[in-house]
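Subject: Structure handover

Hello,

Here is the structure you are taking over. My notes on what was found in it follow below.

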Amino acid sequence: IFSEQLPFHFLRKMFCLSRATLMKLSLCFLAKEVYVGNLPPRAGEEDVEKFFAGCGKCTFKIIMDRDLQRAKSWGFASFEDDDAAARAILLNGKELHGKALRISLSQGRQGTQAIFATDYVSKEGFVFSDVIVNPDSNPEDYETYLMKLAVENGIPEAMIRDCMTPNHLPKVEKIGAWTVLILRHTRGDVVRDPKVMHTMPSLTHRLVLLISERRVITIRRVGALDDFPEVANLVKTWDGSAAMNGVVLKFLDDVATSFHDFLADDMQELEQHETLVDLHITNAKHTPSTDMDLVWRLYKMQRRVTVHRRLIVLTNAVVTQYTGQDPFFQRTRDSLQSALYNVENLYENINNLLSLHLALVDNRTNQFLYVLTSFSVIFIPLTFICGFYGQNFHLPEFDLPPHFAHLLQLCVLMCTLSWLKYKNFF
């Protein structure tokens with residue numbers, strides 16, 4: 001249907017397509033790969049291939065998140081011919097498992113730009129280079145760019161090697177004329193799912209600052225742009241009047257703010273858990289399954305807070321070592337001290353709440369055993385008497401008239417003596 005013999009106005013009238021959409025569809029002759037986004041969480045590669053079965057034979061590949069080690073919500077479908085790719089484009093907006101798919105032309109995974117670098121020149125004469133890395137690009141492109149950057153600016157190779165280490169902890173190091181600050185900031189897309197076992201890469205992103213006398217180079221991820229609101233405002237309104245320390249301060253403030261925002265969400269979640277524990281104290285309905293679920297959620301929360309606790313301690317030490325007693329950075333130091341106090345307080349509260357909940361569970365178990373023991377004290381002697389007198393042969397003491405009363409008195413006496421012995425009366 002995309003033959004050159006058919007005029008564009010015929011196709012527009014036939015399919016009710018705009019001219020822009022029609023021009024995009026005509027580009028399908030240049031590619032056999034289609035981008036598929038907004039995939040539902042439970043959709044696999046086979047589900048998407050069945051979705052495109054009517055267009056032609058295709059092979060679908062879901063892109064994996066290197067940090068979280070799980071599938072992302074998008075991928076690429078490769079078709080055998082251009083016509084099949086063109087037919088697939090027409091399915092844009094169709095639903096799969098209740099979610100409308102976004103289907104468009106693929107720009108090619110191999111051609112994805114790895115580095116987005118922008119230089120901002122200040123009136124004071126220093127240069128601020130903001131390097132944004134695309135994590136879905138080829139890692140070799142990233143390494144090549146950093147090596148080229150090191151050669152052009154005289155950056156020591158050891159610093160560049162640290163910049164390429166994915167899970168590097170916060171540090172500050174000065175080699176020659178360059179100082180490197182490696183920090184970690186909380187990700188804005190963290191999923192608070194109790195099924196997810198959070199680690200440092202799944203909770204935080206890396207931020208690198210390379211600082212010399214007249215140049216500041218920052219390296220961050222393309223997916224973390226929303227985590228730096230102050231830096232975004234600085235870049236958007238750049239007029240060259242910012243000082244070099246002012247640029248560094250913006251990044252440090254955004255890092256501290258990311259910790260505060262995450263801890264605030266954790267505090268709200270802790271308050272919800274405290275409400276559940278309070279309901280258990282007031283004898284609300286509870287089951288072993290809800291107890292285990294609450295313990296598991298508190299453990300996961302404790303795991304997240306532990307990661308942030310260690311990172312905030314390291315970040316505070318790194319920033320203090322870099323800034324010293326400079327009053328210009330006092331606000332950042334105070335913010336990190338406040339975050340450190342909050343995370344320590346939150347960590348202790350989680351431990352106390354977890355201990356309290358486990359104590360309540362043990363107390364309910366003890367109460368249950370107390371009731372069972374009380375019934376046992378009553379029914380075990382009766383069971384003994386019934387078993388003794390239920391024998392099918394005759395005993396001599398059965399001929400005694402008060403035998404039943406004597407035996408019952410003996411049982412009561414034995415129980416009384418046992419209780420007195422337990423209470424240490426003799």
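**Salt bridges between helices**

Arginine 331 and aspartate 253 are joined by a salt bridge, with 2.3 Å between the closest N and O atoms. Because arginine 331 belongs to helix H11 (residues 330–389) and aspartate 253 to helix H9, this pair ties together parts of the chain that are 78 residues apart in sequence. Aspartate 253 is buried, at a relative accessible area of 6%. Please keep in mind that this is a predicted model.

The search of the whole structure turned up nine salt bridges. A second one links the side chains of glutamate 230 and lysine 250, at 3.9 Å from N to O. Glutamate 230 sits in helix H8 (residues 229–236) and lysine 250 in helix H9 (residues 244–281), so the contact ties together parts 20 residues apart in sequence. Glutamate 230 counts as partly exposed, with 29% relative accessibility. Lysine 250 is also classed as partly exposed, at 28%.

A third salt bridge is formed by arginine 309 and glutamate 344, whose closest N and O atoms are 3.2 Å apart. It connects distant parts of the chain, since arginine 309 is in helix H10 (residues 288–323) and glutamate 344 is in helix H11, 35 residues apart. Arginine 309 is partly exposed at 26% relative accessibility, and glutamate 344 is partly exposed with a relative accessible area of 26%.

Salt bridges with shared partners also make one network out of Asp162, Lys171 and Glu173. As general background, side chains of opposite charge can pair when their charged atoms come close.

**Cysteines**

How many disulfides does the structure hold? There are zero disulfides. Cysteine 55 serves as an example: its sulfur is 7.9 Å from the closest cysteine sulfur, which belongs to cysteine 58, and that is too far for a bond. The cut-off for a disulfide is a pair of cysteine sulfur atoms within 2.5 Å. Cysteine 55 is buried, with a relative accessible area of 6%. Cysteine 163 is buried as well, at 0% relative accessibility.

**Strand S11 and its neighbours**

Is strand S11 (residues 204–211) enclosed or open? Eight of its eight residues are buried, so strand S11 is largely enclosed by the rest of the structure. Its side chains point in two directions: Thr204, Arg206, Val208 and Leu210 go one way, His205, Leu207, Leu209 and Ile211 go the other way, and all are buried.

Which strands pair with S11? One is strand S10 (residues 178–186), which runs antiparallel to S11 and is joined to S11 by eight bridges. In this pairing, valine 180 is placed opposite leucine 210 of S11. Another is strand S12 (residues 215–221), which pairs with S11 over four bridges, again in the antiparallel sense. Here leucine 210 stands opposite isoleucine 217 in S12. Leucine 210 therefore has valine 180 opposite in one pairing and isoleucine 217 of S12 opposite in the other. The connection from S11 to S12 is a hairpin of three residues.

**Where to look first**

For a first look, I suggest the pair arginine 331 and aspartate 253, then arginine 309 and glutamate 344. After that, turn to strand S11 with its eight buried residues, and follow the hairpin from S11 into S12.

Regards

Methods: Residues are numbered from 1 along each chain as its sequence is written. This is a predicted model: local features need pLDDT of at least 70, side-chain atom pairs count only at pLDDT 80 or more; totals for chains, interfaces and linings use all residues. Side-chain values use heavy atoms; hydrogens and water are left out. A salt bridge is a side-chain nitrogen of Lys or Arg within 4 Å of a carboxyl oxygen of Asp or Glu. Buried means under 20% relative accessible area, exposed over 50%, partly exposed in between (1.4 Å probe, protein chains only). Two strands pair if DSSP finds at least two bridges between them.
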